[in-house]
Amino acid sequence: MFQEKASANCLNITTSTEDDAFQKKTHSARILSPEEAERLAKDRVLVSEFKQLKLENEAQKNWDLFYKRNSTNFFKDRHWTTREFQELKACREFADQKLTILEAGCGVGNCLFPLLEEDLNIFAYACDFSPRAVEYVKKNALYSTERCKVFQCDLTKDDLLENIPADSVDVVTLIFVLSAIHPDKMHLVLKNIYKVLKPGKCVLFRDYGLYDHAMLRFKSGSKLGENFYVRQDGTRSYFFTEEFLSQLFKAEGYKQVVNEYVQRETVNRKEDLRVPRVFLQSKFQKPFSET
């Protein structure tokens with residue numbers, strides 16, 4: 001069970017039959033066990049500046065190699081997206097209104113295609129850092145240029161306006177994407193997205209949270225900076241705090257609507273294994289008028 005405590009007005013507890021998990025939403029960070037805290041405290045040595053620069057320069061190549069190794073089989077299709085983000089259904093001003101969405105960092109379409117299947121009144125722009133991932137999306141049997149436009153894009157430097165009209169998108173999804181980008185460049189992604197989002201509309205965010213199980217599994221020699229790590233394949237992952245994400249969005253002009261940790265304890269009863277997962281699930285709005 002979870003050790004954290006939170007007041008009733010900021011805590012939402014649910015149970016899920018999916019992979020036998022216990023879930024709650026809270027504004028409190030997960031509390032580490034003494035063993036976990038000691039292990040993290042000892043991990044102070046950072047990857048060399050030379051290797052960090054190499055990882056930054058080869059980021060696209062490393063993600064391309066990831067998709068070459070794993071094809072379309074690594075991530076499960078994200079059918080939970082509309083369940084978790086009711087905004088995708090609720091943001092319509094009238095029934096059957098056609099929505100324009102942007103999936104920033106679409107991978108091979110694990111979120112994109114379930115959304116298009118579930119909602120026939122969606123047109124989607126979708127982009128990814130990896131050219132190989134974009135090709136996998138275009139080869140998918142569900143891909144149709146009448147319902148989506150997919151393109152390769154480095155969100156930190158390629159202008160989205162080259163593919164999407166300004167102020168034209170109803171919803172932007174940023175799901176397990178920002179964590180793969182160097183913290184110093186994250187603001188560039190938010191600035192880029194801001195240009196294509198309609199005033200009054202929102203970015204729906206979900207990504208790794210502080211003290212997620214994946215963060216605790218990194219071995220010594222994997223740390224790039226505070227809450228920032230590199231995997232063995234060269235891809236990187238940042239683990240967000242509620243405060244850091246809030247400051248990041250607000251600095252680029254967004255208004256915070258929702259920003260909270262989703263803490264899940266996944267239980268494997270056969271092996272008697274409990275895995276603490278922590279995500280940050282949030283919603284940030286582009287104001288109607290800039291003041």
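A polar contact is a pair of N or O atoms within 3.5 Å, where, within protein, one must be able to donate a hydrogen and the other to accept it, and residues adjacent in sequence count only if both atoms are side-chain atoms. The model is predicted, so local features need pLDDT of at least 70 and side-chain atom pairs count only at pLDDT 80 or more, while totals for chains, interfaces and linings use all residues. Residues are numbered from 1 along each chain as its sequence is written, and side-chain values use heavy atoms, with hydrogens and water left out.

The protein chain holds ten helices and twelve strands, which are DSSP runs numbered from the N terminus (helices H or I, at least four residues; strands E, at least two). Of its 291 residues, 53% are buried, a word that stands for under 20% relative accessible area, with a 1.4 Å probe and protein chains only.

One residue to look at is K286, which lies in the segment after β12 (273-285) and is buried, with a relative accessible area of 5%. Its side chain reaches the backbone oxygen of Y194 at 2.8 Å, and the side chain of K286 also reaches the backbone oxygen of L197 at 2.8 Å.

Elsewhere, the axes of helix α3 (residues 59-70) and helix α7 (residues 131-139) come within 7 Å and cross at roughly 40 degrees, where axes are lines fitted to C-alpha atoms, for helices over the stretch in contact, and angles run from 0 to 180 degrees between N-to-C directions. In contact (heavy atoms within 4.5 Å), Q60, D64, Y67 and K68 of α3 meet P131, R132, A133 and Y136 of α7.

Notes: Buried means under 20% relative accessible area, exposed over 50%, partly exposed in between (1.4 Å probe, protein chains only).
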